[in-house]
Amino acid sequence: QKAGELGLLGCPIFLFQEGRDPTVERAFREFARVSKGAYARFDTNAPRELAALLRAVAAYAAGGRPALRLQQSQSAKLLLEQLH
């Protein structure tokens, strides 16, 4: 419910999952969907991947979709594909 309320306020949730728990994945994907945000999974051995995801979110927070498009990273593309 809270994720949906955030979506109505125009505040998307960005969720990043460490590991592969399917229950967590379903919940995170749903939170992202109803808030008009995005979900991504990262490998515990890939700190660079998490750093890239966080840079993409920071770009979005600072300048919205146009700033995220300028990132031109795979992480930024992944988030852009999910944002509604």
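Contact here means heavy atoms within 4.5 Å. Welcome to this structure, a predicted model in which local features need pLDDT of at least 70, side-chain atom pairs count only at pLDDT 80 or more, and totals for chains, interfaces and linings use all residues. Residues are numbered from 1 along each chain as its sequence is written, and side-chain values use heavy atoms, with hydrogens and water left out.

Let us start with L79. Not counting residues up to four places away in sequence, L79 touches F14, F16, A38, L53, A56, V57 and L68.

L79 belongs to helix 4 (helices are DSSP runs of H or I with at least four residues, strands are E runs of at least two, numbered from the N terminus). Buried means under 20% relative accessible area and exposed over 50%, with a 1.4 Å probe and protein chains only. The two sides of helix 4 look like this:

| Group in helix 4 | Residues |
|---|---|
| Buried | S75, A76, L79, L80, Q82 |
| Exposed, on the other side | Q74, E81 |

The buried residues share one side of helix 4 because they cover an arc of only 165° around the axis, taken from the directions from the helix axis to the C-beta atoms. They pack against strand 1 (14-18), strand 2 (38-42) and helix 3 (47-71).

Next comes the largest nonpolar core, a set of buried Ala, Val, Leu, Ile, Met, Phe, Trp, Tyr and Cys residues joined through side-chain atoms within 4.5 Å. Of its 13 residues, F14, F16, L53, A56, V57, L68 and L79 touch the most other members. Strand 1, strand 2, helix 3 and helix 4 each supply at least two residues, and helix 3 gives the most, with four.
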